[in-house]
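This report describes a two-chain model, beginning with confidence and then turning to fold, core, contact and backbone details.

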Amino acid sequence: MQGNVLDMILPKRGERRPAGLPIWDESRHMFIVDEHESQAGHRSYKGVRVTDRFAIVEYIGNYHNWCYINAIELYANDGYEYKLVGKCQLGKEFYDAELIRQKTEEMMFAYTKSQYRMLNRAVDEVTLRKQSAALIDSSYRSMINEDTAELMEQLTPLLPKETTYINL
Amino acid sequence: MSGSSVSYNEKHNIYLSNGYTSAAGNTYFQGIRLSDRLIVKYDFGQGYAYLFLNGIRLYCYDGYDTKLISSRGYYSQCWNESFARHECLDMLKDYLLSQTRMLRQSVPQSQIEDFAAAMVKSVMATQRPRLR
């Protein structure tokens, strides 16, 4: 069975991977979803980082040698579903992990600050920035550690429908 | 690399794409090695004196489609065959491990390592696979 599992995960050309099993890129701590290639040869996909509170979606494009980040979206969990609370559109920006982290921290800060204001509560911006950075940092975690394996069961249903995990 | 032409370098067992030369005189091109299960794509940058490795991407097959399974970028990394092989191995092991976790299958680490090593070896093997 174990040998069959590895053959299923990395099948030969012509054979299918397990249906609905999302791909996790440990190098960038994200799920790779919605991948497609245009007729011009541009390959694009979404990189998704999910926690139980929020999700970050990166719109990534590959062309020849270059990897671009086209947009970043921030979703917040309202208790029922993930709702879009921030979007950053980037034009012809080379993929830069530090830039993406900085932009998502800014979006998280802007969102949480706006929520404080609407609740008519005083906000300490310095503390809020640190908390925003800590929240974003929490999404950059390994999925192959033992302690996060159980989190997969909670998280995979939250991925976009085309990659919903089907329990084998 | 759809729509672009490639040449095959038999000595290094690698398909090379057309290059793009920047205004600064650096040439960027891609290299591909493939087997019946794994595709390794390298992003090269040829500078004045050195050949740089700018990135490695691994793809697996899903039917006749290819799926990106791992991607790493590098900065000022000179091309080194041994380094590239080690990186591919590392990326592939992480992919296999994460997939087994999601499938809730317990596979010994040693088996994953042996399988990954065999897959990387078959990609590097000096035989010319057929491209369709």
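Chain B has a mean pLDDT of 89, and 92% of its residues reach 70 or more; pLDDT is the predictor's confidence in each residue, from 0 to 100. This is a predicted model, in which local features need pLDDT of at least 70 and side-chain atom pairs count only at pLDDT 80 or more, while totals for chains, interfaces and linings use all residues. Residues are numbered from 1 along each chain as its sequence is written, and chains are lettered from A and ligands numbered from 1 in the order in which they are written. The model scores ipTM 0.86 and pTM 0.87.

Chain A averages a pLDDT of 85, with 84% of the residues scoring at least 70. Within chain A, confidence is highest in α2(A), at 96, and lowest in helix α4 (residues 146-155), at a mean of 62. Over residues 163-168 of chain A the pLDDT is below 50, although this stretch has 17 contacts in the model beyond near neighbours in sequence. Two residues are in contact if their C-beta atoms, placed from the backbone, lie within 7 Å. Where pLDDT is low, the predicted coordinates should not be read in detail.

**Fold of chain B**

Chain B contains two helices and seven strands, arranged along the sequence as β-β-β-β-β-β-β-α-α. Helices (H or I, at least four residues) and strands (E, at least two) are DSSP runs, numbered from the N terminus. The radius of gyration of chain B is 16 Å, which agrees with the value near 14 Å for a compact globule of 132 residues; this radius is taken over C-alpha atoms, and the globule rule is 2.2 Å times the number of residues to the power 0.38. Along the principal axes, the C-alpha atoms of chain B fill a box of roughly 50 × 35 × 25 Å.

Helix α1(B) has 22 residues, and its end C-alpha atoms are 32 Å apart, in agreement with the expected 32 Å at 1.5 Å a residue. That expected span is 1.5 Å times one less than the number of residues.

**Core**

Buried residues make up 36% of the 132 residues in chain B. A residue is buried if 20 or more other C-beta atoms lie within 10 Å of its own, exposed if 12 or fewer, and partly exposed in between, with C-beta atoms placed from the backbone. The largest nonpolar core has 57 residues, and Leu38(B), Leu58(B), Cys88(B), Leu92(B), Leu96(B) and Met119(B) have the most contacts inside it. Such a core is a set of buried Ala, Val, Leu, Ile, Met, Phe, Trp, Tyr and Cys residues joined through C-beta atoms within 7 Å. Its largest share, eight residues, comes from α1(B). Leaving aside neighbours within four places in sequence, Leu92(B) is in contact with Leu58(B), Ala116(B), Met119(B) and Val120(B).

**Contact between the chains**

The contact takes 40 residues from chain B and 35 residues from chain A. On the side of chain B that touches chain A, α1(B) gives the largest share, nine residues.

**Positive phi values**

| Residue | Phi | Location |
|---|---|---|
| His29(A) | about 55° | loop between β1 (23-25) and β2 (30-37) of chain A |
| Asn120(A) | near 60° | loop between α2 (97-118) and α3 (125-139) of chain A |
| Arg104(B) | near 55° | follows α1(B) |

His29(A) counts as partly exposed because it has 15 C-beta neighbours inside 10 Å, whereas Asn120(A), with 6 C-beta neighbours inside 10 Å, counts as exposed.
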